[in-house]
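Thanks for coming, everyone, and grab a seat wherever you can. I'll put the structure up on the screen, and then we'll walk through it together.

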Amino acid sequence: MLRQSMTGFASHQGSIEQSQGADHALSWQWELRGVNAKGLDIRVRLPDWIDGLEPLVRKAVSSRLTRGNVQIALRVHDEDTGQSVRVDEPYMLAVLEAMNQIEAAALDRGLSLQPSTAAEIVSLRGLLTSDAPKQDVAIIRDAVFASFETALASFCESRQSEGAALLSIMTAQLDEIEDLVGQANTLADDRELAQKARLQEQLQKILGTSEQLDENRIAQELALIVVKLDVTEEIDRLRAHIVAARDLLKVEGAVGRKLDFLMQEFNREANTLCSKSQNSALTQVGLSLKTVIDQMREQVQNVE
């Protein structure tokens, strides 16, 4: 069956005590969110000071997933509330001087900039420094990454659960498509008999109006009309697509791209069926078929 959807969510909390090798206690929370995408798009927001963590995270995700937009965030909280925080004064003065230069250049060009707030300036990286002792980054990185692997496993389970729900929905939609194709086949057979009778009647009327008409030529032209309106091939291809889709739903692994292509083929045959129908009942079935196909294609967009 389908391995997993591209939609999922997971969060996981972790911590490290001073006794475990850190200079003081830290706690953190991982959060992973996934939505659909054409390929694998990994977006991470990690603290810069944990060197080497991002490559580990990306490699772990790439080894487990093949498609989807995956957003990964890590929030770290320092449990040492006794530490003091101070402003890096030389850096602050340099920032303020740079801001003055920017504002002066903007005014020279007739531009008015929005005033900056203290909170915005303080948020600049490196402006605030801590008197806390330096942490052993390698120990922290290993502990944080170990908890990430737990979060990633939970995230994959979430995608698998979504995949199971998608499988149930799409199986039901395929059943509906198969039923509609059966209806179309029955209506097409009835329509063919009616068309033949009507065309024969029209042929007799035409032949009765003139003795100079070539009966064989007219019969050939009418036969061409019947062929152009025949939907047997479209129905046969729709049935073949149904079999192919059911087979793909049983495959382990990433089948989303193949299913998406198959849905395009479904839609093409349904469009042709409607254009050839020349029958209100058959047209209605064709439109219903297109509706279900569109609904299934929406679901397929979430399949890995």
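Let's start with arginine 297, which is partly exposed, with a relative accessible area of 30%. Arginine 297 forms a salt bridge with aspartate 260, and the closest N and O atoms there are 3.4 Å apart. This pair links distant parts of the chain: aspartate 260 belongs to helix H7 and arginine 297 to helix H8, with their positions 37 residues apart in the numbering. Please keep in mind that what you see is a predicted model.

So how do the two helices that carry this pair sit against each other? Helix H7 covers residues 256–276 and helix H8 covers residues 280–300. Their axes come within 9 Å and cross at roughly 165°. Angles over 145 degrees count as roughly antiparallel, and that is why H7 is described as roughly antiparallel to H8. As for handedness, the crossing of H7 and H8 is left-handed.

Now step back one helix, to H6. The axes of H6 and H7 come within 10 Å, and the crossing angle is roughly 160°. H6 and H7 are therefore roughly antiparallel to each other as well. H6 also passes H7 in a left-handed crossing.

If you'd like a pair of residues to click on here, try alanine 240 and phenylalanine 266. Their C-alpha atoms are 9.8 Å apart in space, and the two residues are 26 apart in sequence. Alanine 240 lies in helix H6, and at 43% relative accessibility alanine 240 counts as partly exposed.

Let's stay with H6 for another salt bridge. Arginine 237 pairs with glutamate 234, with 3.5 Å between the closest N and O atoms. Both residues lie in helix H6, which spans residues 232–249, and they are 3 residues apart, about one turn of the helix. Which of these two partners is buried, and which is partly exposed? Arginine 237 is the partly exposed one, at 32% relative accessibility. Glutamate 234, at 4%, counts as buried, because the cut-off for buried is under 20%.

How many salt bridges does the whole structure have? A search of the whole structure finds 13. One more of them is formed by aspartate 41 and arginine 43, whose closest N and O atoms are 2.9 Å apart. Aspartate 41 is partly exposed, with a relative accessible area of 25%, and arginine 43 is also in the partly exposed class, at 49%. The upper limit of that class is 50%, so arginine 43 still falls inside it.

Next, helix H4, which covers residues 137–209. I picked out two residues there for you to look at. Glycine 182 is found in helix H4, and glycine 182 is partly exposed, with a relative accessible area of 28%. The C-alpha atoms of glycine 182 and arginine 239 are separated by 9.0 Å, although the two residues are 57 apart along the chain.

The second residue is glutamine 183, which also lies in H4. Glutamine 183 is partly exposed too, with a relative accessible area of 34%. Where glutamine 183 is concerned, the partner to find is alanine 281: the two are 98 residues apart in sequence and 9.7 Å apart in space, C-alpha to C-alpha.

Let's turn to the surface for a moment. Val87, Val122 and Leu128 make a nonpolar surface patch of about 220 Å². Valine 87 lies in strand E5, which is residues 85–87. With a relative accessible area of 40%, valine 87 is partly exposed, and residues need over 30% to be part of a patch, so valine 87 clears that cut-off.

Finally, here is the overall layout, for anyone who wants to trace the chain on screen. The protein has 8 helices and 6 strands. Starting at the N terminus, the elements run β-β-β-α-β-β-α-α-β-α-α-α-α-α. What share of the 304 residues is buried? Buried residues make up 36% of them.

If you take one view back to your desk, try the H6, H7 and H8 region: H6 and H7 are roughly antiparallel, and H7 is roughly antiparallel to H8. Then colour aspartate 260 and arginine 297 to see the salt bridge between H7 and H8. Thanks for listening, and I'm happy to rotate the model if anyone wants another look.

Key
Residues numbered from 1 in each chain as written. Predicted model: local features only at pLDDT ≥ 70, side-chain atom pairs only at ≥ 80, totals over all residues. Heavy atoms only, no water. Patch = residues over 30% accessible without salt bridge, like charges linked within 9 Å, V, L, I, M, F, W, Y side chains within 5 Å. Areas by Shrake-Rupley, 256 points an atom, 1.4 Å probe, with all protein chains shown as cover. Salt bridge = Lys/Arg side-chain N within 4 Å of Asp/Glu carboxyl O. Helix = DSSP H or I, 4+ residues; strand = E, 2+ residues; numbered from the N terminus. Buried < 20%, exposed > 50% of the residue type's maximum accessible area, 1.4 Å probe, protein only. Axes fitted to C-alpha atoms, helices over the stretch in contact; angles between N-to-C directions. Parallel < 35°, antiparallel > 145°, perpendicular 65-115°, else oblique. Left-handed = near helix turned anticlockwise from the far one by under 90°.
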